[in-house]
2 protein chains.
Amino acid sequence: MKEEKSEIVITSLDDIARELGLSKSTVSRALSGKGRIGAQTKARVRQYVKKAEYKPNLIARSLAQSKTYNLGVVLPADSDLAEKPFFQVFLLGVCEAASANDYDVVVTVVVEKDISALKNLVRNKKVDGIILTRLLVHDYAAAYLKRSGIPFLVVGSSSDESLVQVDTDHESACENLTSLLLSMGNRRMAVVIGSDEHAVNISRYRGYAKVMENRPEGICREIVFQNVGSKTAIDKSVEGIMKEGADCILCGDDIICSQVLSKLNAMNIRIPEDIRVASFYDSAHLKYNNPPITALEIDVKELGVIAGQSLIDKISGKPFTRRTILNYQIALKKSTQ
Amino acid sequence: MKEEKSEIVITSLDDIARELGLSKSTVSRALSGKGRIGAQTKARVRQYVKKAEYKPNLIARSLAQSKTYNLGVVLPADSDLAEKPFFQVFLLGVCEAASANDYDVVVTVVVEKDISALKNLVRNKKVDGIILTRLLVHDYAAAYLKRSGIPFLVVGSSSDESLVQVDTDHESACENLTSLLLSMGNRRMAVVIGSDEHAVNISRYRGYAKVMENRPEGICREIVFQNVGSKTAIDKSVEGIMKEGADCILCGDDIICSQVLSKLNAMNIRIPEDIRVASFYDSAHLKYNNPPITALEIDVKELGVIAGQSLIDKISGKPFTRRTILNYQIALKKSTQ
DNA sequence: TTGTATGCGTTATCAC
DNA sequence: GTGATAACGCATACAA
């Protein structure tokens, strides 16, 4: 009676080689598919590996190839951003793409301008490439990564042609939404938008400005609020907007919109009767609001998938698109009727 | 004139050893601190390493020690959970703890009951330990990890004593909030809570039930809604609750609460005049709501830090607490006045 | 206290 | 097409 093979634990190419009477280089080739190898030996090895439930040691492979098969994703930890589901949903998308390509995802955090964790990740060679999930106007992280030479990709739009970018065209999206609301009869369009340091806020404002500049009345500074962050700043801007008699408020993102709504509510101002409200970025809370809020919708998870796949393509030396622009939708709701 | 040392790139222990006229094992010891080593050689090596900006190759170390210095964090990707900032904030906390211990964080996703990505992570030995960010009543992931033998920790409470747990005491928190609201004059306390499959929802309901059972009127089934998920289910429950003449609604979490508020708003029901509302879990949106909503507050980031640190302790063989309970606060707001 | 030799499990470069 | 053998960079048991 033969020995039970199942008692032998197979943990390395050596083990397989011994069991099959081959050399470990042959086994390696059979599994990787690289190099010349006989069709039947290949099949035999693969079959054996399958039933032996052998899993190659990826660490060893990493050492040999100096590749980690890890993608790095950099999340910002600035207080208000932590509340935004954007990063989480995006991350799920990246994980999906990574998983489909046998990569894993390592996350790291930058707090304000402190990119030390990112530096460690790069210097320790823990990842093959990196995704920056938001772009600042003067982005330390991007500047560092550029110097470091590691493949990376930014979510956001920049005039820097050397950056690989994945983004929605915020500028034209906001332009379209603004035009549309004008065409629906609104005239004095106010805007409340976040920090100027975030590239996305600049793009959004540009979209708005582009439309308003071409109107006879032009941009009315009294109802334009950029760089608002705190709840009190938002409250003040809403008060100012109402005093100026605007008929529509455009909110830079969902968090701002949520706070604008809260303030309007507190002031007993009805939507859409007394004023219309729309947001440049959507979220569940705006959908569930009463009334539901008109907003730009983007498929964030898909954005993550595409970002992940693009980065992997770049890492693998495959052709990759330097700038990928995702679609958006304007979801018209009761808040602007 | 001597050669410029700065021209030589130091990439391995061998390089350092050669430059310093030592053997690489001595250098290794000087850096790791393990084994016996002379105080001055140690200092000399460390100083040299510092100015040479040498970074050890962690992959090689991993291979040699069969340790990855990576923590795995499992995020659920069920549609509604993706919107909850909980996981994101928690993740930031874990990253902080990891970073402080020279660990990195690898994230992976489970969708419903599909734990294949988690299995790959474990089988490929990409991490030294794992954190499950939510616990199901019948948790496949936890069961798998138990079988696999890898160190892991769950966020959530379970009667399974073999699980390392980190959590808030949801049951007593909800108990306290419920009692408090009763003592404030409310009598018919309705509850709207999410899926029974999530351990946390069971705990929350228990806290509520524990208080109500001891009341003369007992638990009134007509105003208890468990297992609600969809917006329509929530709308229906709110309608039922109003018909039954409840005077307070307890919401299982922030998302549910948000939807309950939306429905109440649509029905022109005033808070707190017509009905009081509170939530078993807080979020920015509830704070910004008008009126602000009474809710249980927990420090989620701190939860992440503690989870990360506990797992690292367990991995390192340090003493660790089998069950860590974090504090919570009851934030009384206008919605229950 | 320090040096030598070996192992970790792959991939890759040679011969054959 | 296959098999030795040398990297990859570090840790560690053992020898000195």
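**Figure 1. Residue classes on the surface near DNA strand C in the predicted model.** This surface has nine nonpolar, twelve polar and five charged residues (nonpolar: Ala, Val, Leu, Ile, Met, Phe, Trp, Tyr, Cys and Pro; charged: Asp, Glu, Lys and Arg; polar: the others, Gly among them). A residue is near the strand if one of its heavy atoms lies within 4 Å of it. α4(A) gives the largest share, four residues (helices are DSSP runs of H or I, at least four residues, and strands are runs of E, at least two, numbered from the N terminus). This is a predicted model: local features need pLDDT of at least 70, side-chain atom pairs count only at pLDDT 80 or more, and totals for chains, interfaces and linings use all residues. Residues are numbered from 1 along each chain as its sequence is written, chains are lettered from A and ligands numbered from 1 in the order in which they are written, and side-chain values use heavy atoms, with hydrogens and water left out.

**Figure 2. Polar atoms at DNA strand C.** Phosphate oxygens of the strand lie 2.6 Å from a polar side-chain atom of T26(B) and 2.7 Å from one of T41(B). At A60(A), a polar backbone atom is 3.5 Å from a base nitrogen of DNA strand C.

**Figure 3. The interface of chain B and chain A.** About 4,400 Å² is buried between the two chains, 60% of it from carbon and sulfur atoms (accessible area, 1.4 Å probe, lost on putting two parts together, summed over both). Of the area that chain B buries, Q88(B), H285(B) and Y288(B) supply 16%, more than any other three residues.

How values were computed. Polar contact = N/O pair within 3.5 Å; in protein donor to acceptor, adjacent residues only side chain to side chain.
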